[in-house]
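Biologist: I have the sequence and the model open side by side. Could you take me through one part of it closely, the place where two helices pack against each other?

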Amino acid sequence: MMLLVTAGGTAAHQRTTEGPHAGIAVPEISHGEMVMIAEYRSRIIDLAAGAVDTNEPFRRVLNFAEIQYAYCLWGRMPGSVTDEASPFNECAHAYLAATKAVLLMMRTMKGEAEAAEAIVSEVDAGMVRRGLALITCEFSGEAFNTADIVRPRWSAVPTHLASLTTLAGLAGISGLLVVAALAILRRPTVPERQT
């Protein structure tokens with residue numbers, strides 16, 4: 001995880017844009033949909049991982065969803081889904097938009113259609129019940145592309161207290177673990193006594 005953090009450390013809200021976009025378009029997701037898709041993400045990905053009758057576009061969108069999820073620190077940053085000001089909000093939009101696209105693709109697959117339709121119905125009902133249908137944010141109208149990775153806005157972390165606190169805590173815990181490991185490795189061994 002720290003490798004991902006340091007790899008993009010100085011990059012501010014950037015995407016990979018080198019070369020032509022030969023990727024697959026991923027339709028946008030609204031802020032309200034994000035909340036529900038985030039809650040159902042594991043079920044959707046598990047269903048997709050077990051799909052047998054797949055095609056290349058499906059596998060590429062699923063792969064994009066997984067890559068974006070990792071770039072977004074596995075959805076573990078506080079507020080990444082619900083807080084528009086979070087430096088991780090746009091990348092959360094990307095992985096959840098791809099997850100939604102995977103779900104909708106599975107509605108046309110013979111083996112997964114029934115389970116996918118059940119998830120869609122639950123998501124729709126949850127959005128209505130919780131009044132999420134009309135909630136939008138800055139990134140709600142943004143479409144994505146599998147050839148275009150969305151990275152967190154690392155330069156905004158110092159101004160977002162929840163992200164800063166979480167990353168500082170992780171760095172502190174990691175530092176303590178390294179110090180403890182070094183202390184254990186450097187501990188002198190007591191020679192066995194001969195009897």
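Modeller: Happy to; what follows is a walk from one helix pair out to the core around it. Please keep in mind that this is a predicted model.

Let's start with α3 and α4, which pack with their axes 8 Å apart at an angle of about 150°. That angle is over 145 degrees, so α3 counts as roughly antiparallel to α4. The crossing in which α3 passes α4 is left-handed. On the α3 side, the contact is made by P57, F58, V61, L62, F64, A65, Q68 and Y69. Facing them from α4 are C91, A94, Y95, A98, T99, A101, V102, M105 and M106. Sorted by class, this contact has 15 nonpolar residues, two polar ones and no charged ones.

T99 deserves a closer look. This residue sits in helix α4 and is buried, because its relative accessible area is 0%, under the 20% cut-off. Apart from neighbours within four places in sequence, T99 is in contact with A65, and also with I37, R41, I44 and I45.

Now for the wider setting. The largest nonpolar core has 48 residues, and I44, F58, F88, V102, L103 and M106 are those with the most contacts inside it. Two or more residues each come from α2 (31-49), α3 (56-71), α4 (89-106) and α5 (113-130). The largest share, 11 residues, is from α4.

F88 is a good residue to finish on. Not counting residues up to four places away in sequence, F88 touches C72, L73, M77, S80, P152, W154, V157, S163 and L167.

Conventions: Residues are numbered from 1 along each chain as its sequence is written. This is a predicted model: local features need pLDDT of at least 70, side-chain atom pairs count only at pLDDT 80 or more; totals for chains, interfaces and linings use all residues. Side-chain values use heavy atoms; hydrogens and water are left out. A nonpolar core is a set of buried Ala, Val, Leu, Ile, Met, Phe, Trp, Tyr and Cys residues joined through side-chain atoms within 4.5 Å. Buried means under 20% relative accessible area, exposed over 50%, partly exposed in between (1.4 Å probe, protein chains only). Helices (H or I, at least four residues) and strands (E, at least two) are DSSP runs, numbered from the N terminus. Contact means heavy atoms within 4.5 Å. Axes are lines fitted to C-alpha atoms, for helices over the stretch in contact, and angles run from 0 to 180 degrees between N-to-C directions. Angles under 35 degrees count as roughly parallel, over 145 as roughly antiparallel, 65 to 115 as roughly perpendicular and the rest as oblique. A crossing is left-handed if the near helix is turned anticlockwise from the far one by less than a right angle, and right-handed if clockwise. Ala, Val, Leu, Ile, Met, Phe, Trp, Tyr, Cys and Pro count as nonpolar, Asp, Glu, Lys and Arg as charged, and the others, Gly among them, as polar.
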